[in-house]
Amino acid sequence: MVERAERLCQARGLQFTRLRRDVLAAVASEHRPLGAYDIAERMSAPGRRVAAVSVYRALDFLTEQGFVHRISSRNAFVSCGHEHGAGAGLVFLICRTCGGIDEMTAPAVESALDQTLAGAGFTPTSRILEVEGECGACRGRGDAPDAPGRA
């Protein structure tokens, strides 16, 4: 993930600073969304405190470049391992049990949304759909609160 971001920044003529690299590495190391304060805490060391405001600035850059996505319902961030287009509509499947997140595109959903937006005369600035539920792994283990056989 970090190497890909470094290559893309170089190709785009953008600075990929050590802070941006470290923030991306922290986000990419998790399978669950992380907030800016969590990231700052992970990056801090005795005698070297990383300010959340610096992390937010790095996250702004990483989001603009498509290296991370903001999960609004969690006010947190996940890394993006996909190479979808800048305007692609994204669907995040958020597991309430394990906190895991899967990212995908859904052309049929995008098409229906395009029609709805056009009918309303609305131009979106972002198109991210968040769906909460239980992932297949949690349901398979019976961890989901509403899994068959659980009280």
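The legends below describe close-up views of a predicted model of this protein.

**Figure 1. Overview of the predicted fold, with its six helices and five strands.** Followed along the sequence, the elements of the protein come in the pattern α-α-α-α-β-β-β-β-α-β-α. The protein has 151 residues, of which 33% count as buried, and it exposes about 9100 Å², with carbon and sulfur atoms supplying 51% of that area. Among the contacts in the protein with a separation of 6 or more, 49% are accounted for by residues 24 or more positions apart.

**Figure 2. The crossing of helix 2 (residues 18-28) and helix 4 (residues 52-64).** The axes of these two helices come within 9 Å and cross at roughly 80°, which means that helix 2 is roughly perpendicular to helix 4. From helix 2, the contact is made by Leu19, Arg20, Val23, Leu24 and Val27, and from helix 4 by Ser54, Val55, Ala58, Leu59, Phe61 and Leu62. Sorted by class, the residues of this contact are nine nonpolar, one polar and one charged.

**Figure 3. Leu19, a residue of helix 2.** Leu19 has a relative accessibility of 29% and therefore counts as partly exposed, since that class lies between the limits of 20% and 50%. When its neighbours within four places in sequence are left aside, Leu19 is in contact with Met43, Val50, Ser54 and Ala58. One of these partners, Ser54, is 35 residues from Leu19 along the chain, and the C-alpha atoms of the two are separated by 8.1 Å.

**Figure 4. The largest nonpolar core of the protein and the surroundings of Val55.** This core has 21 residues, and those with the most contacts inside it are Val23, Ile39, Val55, Leu59 and Leu62. The elements that give two or more residues to the core are helix 1 (2-12), helix 2, helix 3 (36-43) and helix 4, and helix 4 gives the most, with five residues. Val55 touches Val23, Ala36, Ile39, Ala40 and Val50, when residues up to four places away in sequence are not counted. Apart from the largest core lies another core, of six residues, among them Ile71, Val78, Ile94 and Ile101. As a general background to such views, nonpolar side chains in soluble globular proteins tend to be buried together.

**Figure 5. Pro33 in the loop between helix 2 and helix 3.** Pro33 has a relative accessibility of 12% and so counts as buried, a class that requires a value under 20%. Leaving aside its neighbours within four places in sequence, Pro33 is in contact with Ile71, Arg74, Ala76, Phe77, Val78, Gly99 and Ile101. Pro33 and one of these partners, Ala76, are 43 residues apart in sequence, whereas their C-alpha atoms are 5.3 Å apart in space. Two of the partners in this view, Ile71 and Val78, are also among the residues of the six-residue core.

**Figure 6. Asn75 in the loop between strand 1 (68-71) and strand 2 (76-79).** Asn75 has a positive phi of about 45°, although it is not a glycine. Most residues other than glycine have a negative phi. With a relative accessible area of 38%, Asn75 is partly exposed.

Definitions and conventions:
Residues numbered from 1 in each chain as written. Predicted model: local features only at pLDDT ≥ 70, side-chain atom pairs only at ≥ 80, totals over all residues. Heavy atoms only, no water. Axes fitted to C-alpha atoms, helices over the stretch in contact; angles between N-to-C directions. Helix = DSSP H or I, 4+ residues; strand = E, 2+ residues; numbered from the N terminus. Parallel < 35°, antiparallel > 145°, perpendicular 65-115°, else oblique. Contact = heavy atoms within 4.5 Å. Nonpolar A, V, L, I, M, F, W, Y, C, P; charged D, E, K, R; others polar. Buried < 20%, exposed > 50% of the residue type's maximum accessible area, 1.4 Å probe, protein only. Areas by Shrake-Rupley, 256 points an atom, 1.4 Å probe, with all protein chains shown as cover. Core = buried A, V, L, I, M, F, W, Y, C linked by side-chain atoms within 4.5 Å.
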